[in-house]
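Me: I am new to this structure. Can you take me through it in short steps?

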Amino acid sequence: MRPSTPTQAPAGSTKREVVVGRAMILGAATLWGASATLARIAFRDHGVPPLTMVEMRLLIACVLLLPWLAWRRRAALRVPRRDWAYFLILGLLGVAAVQGTYYYSISRLGVGPAILLQYLAPALIVGYELARGRPAEARTVASVIAAIVGIALLVSGPPNAASHPTTLDWAIGFCSAFSFAFYIGYSKRGLARHSPATLLFYTFLVAGGFWAIVTPPLRILAAHYPPSIWGLFLAVGIGSTLVPFALFAGGLRRLRPVEAAILATFEPVVAIALAGLVLGEGLRALQWLGAVLVIAATLLAATSAAEEVAVSAERI
């Protein structure tokens with residue numbers, strides 16, 4: 001064994017970082033899953049347009065994050081000019097695209113198919129790694145398969161006949177998977193240079209600004225939403241955007257993109273289970289089996305990540 005240098009983290013601390021990263025990703029997935037019920041209530045019971053919800057959650061997150069950064073992390077607001085293009089691309093093709101396509105898919109295809117399509121992202125990431133010549137571990141491939149099959153069982157149910165989705169609707173649904181996979185991979189690149197707070201603020205700002213052009217804020221104000229809806233916007237802006245995206249970025253900084261994507265598949269388990277409790281959409285036997293498969297996939301991904309860190313540490 002070679003002696004450790006000051007830049008090499010001890011094996012124990014590296015293992016702790018992986019554990020923390022897994023916990024952060026699972027925390028983000030739990031919050032995203034819980035907020036899906038809030039979004040469903042807004043769409044179904046109050047007629048809030050999906051893109052309005054997307055815009056409000058992003059702008060609220062920006063409004064809350066900016067004063068905190070200005071007070072505690074002012075250096076995080078300074079970004080080199082050479083990185084402006086990076087934040088523009090990630091904000092538009094990552095954050096704006098993934099949230100816009102996902103909420104549009106929910107409104108047109110239903111929650112189940114929308115979740116299933118978006119969580120094809122882990123398979124896309126594995127395929128990308130294979131295309132780059134990196135061999136995929138058997139355990140990683142097994143966890144991707146278990147996650148996809150589990151989500152398919154979780155979202156199984158009667159089709160959403162009321163919406164009559166078109167070919168374009170399904171195409172946008174598939175785009176949500178590509179944009180989510182892109183967001184994970186491209187965020188990982190930026191986290192090597194910038195703090196999660198910097199990444200979140202500027203990508204939220206770009207994405208929120210884009211959707212503000214699509215739906216001007218004055219049009220949202222003209223809708224005269226009651227205080228309860230503004231409270232819902234605030235809850236989604238904090239609990240579905242600011243906090244979980246911060247957790248996800250922190251976890252992604254510590255894990256490989258494919259492990260982060262697989263662990264995030266815990267979201268539909270939470271979403272469908274909570275929908276059963278709050279909205280009366282009970283789970284059938286096959287859906288419970290799907291939940292077990294998704295949980296098994298997250299455990300496989302977590303174990304694979306931990307073993308990889310242990311092997312890497314032994315080589316130091």
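Me: Which residues of α10 do Tyr183, Ile184, Ser187, Lys188 and Leu191 in α7 meet?
Reply: This is a predicted model. The contact joins helix α7 and helix α10. On the α10 side the partners are Phe245, Phe248, Ala249, Leu252, Arg253 and Arg254.

Me: How do the residues of the contact of α7 with α10 divide?
Reply: Tyr and Phe count as nonpolar, while Lys and Arg count as charged. By that scheme the contact holds seven nonpolar, one polar and three charged residues.

Me: Is α7 roughly parallel or roughly perpendicular to α10?
Reply: Helix α7 covers residues 167-191 and helix α10 covers residues 227-254. Their axes lie 9 Å apart, at an angle of about 70°. Angles of 65 to 115 degrees count as roughly perpendicular. Therefore α7 is, relative to α10, roughly perpendicular.

Me: How many helices and strands does the protein have?
Reply: From the N terminus on, each element in the run is an α. The count is 13 helices and zero strands.

Me: Which aromatic residue in α10 pairs with tryptophan 32?
Reply: Tryptophan 32 sits in helix α1, residues 11-46. Its partner lies 216 residues away along the chain, in helix α10. The ring centres are 5.5 Å apart and the planes differ by 45°, a tilted pair. Both residues are buried, and the partner is phenylalanine 248.

Me: What kind of pair do tryptophan 230 and phenylalanine 233 form?
Reply: These two are three residues apart in helix α10, so about one helical turn separates them. Their ring centres are 5.4 Å apart, with the planes at 85°. Planes over 60 degrees apart count as edge-to-face. The pair is therefore edge-to-face.

Me: Which of tryptophan 230 and phenylalanine 233 is buried?
Reply: Buried means under 20% relative accessible area. Tryptophan 230 has 31%, so it counts as partly exposed. At 1%, the buried residue is phenylalanine 233.

Me: Which residues do ring pairs link into a cluster?
Reply: The structure holds 16 aromatic pairs. Some of these rings join up in a cluster. Its members are Trp32, Phe180, Tyr183, Phe204, Phe245 and Phe248.

Me: Is alanine 76 buried or exposed?
Reply: Alanine 76 lies in the loop between α2 and α3. Among the residues it touches are Leu69, Ser195, Thr198 and Tyr202. Its relative accessibility is 8%, so alanine 76 is buried.

Me: How far apart are the C-alpha atoms of alanine 76 and leucine 199?
Reply: Along the chain, alanine 76 and leucine 199 are 123 residues apart. In space, their C-alpha atoms are separated by 9.0 Å.

Notes
Residues numbered from 1 in each chain as written. Predicted model: local features only at pLDDT ≥ 70, side-chain atom pairs only at ≥ 80, totals over all residues. Heavy atoms only, no water. Helix = DSSP H or I, 4+ residues; strand = E, 2+ residues; numbered from the N terminus. Axes fitted to C-alpha atoms, helices over the stretch in contact; angles between N-to-C directions. Parallel < 35°, antiparallel > 145°, perpendicular 65-115°, else oblique. Contact = heavy atoms within 4.5 Å. Buried < 20%, exposed > 50% of the residue type's maximum accessible area, 1.4 Å probe, protein only. Phe/Tyr/Trp six-rings, centres within 6.5 Å; stacked < 30°, edge-to-face > 60°. Lists of a residue's contacts leave out its neighbours within four places in sequence.
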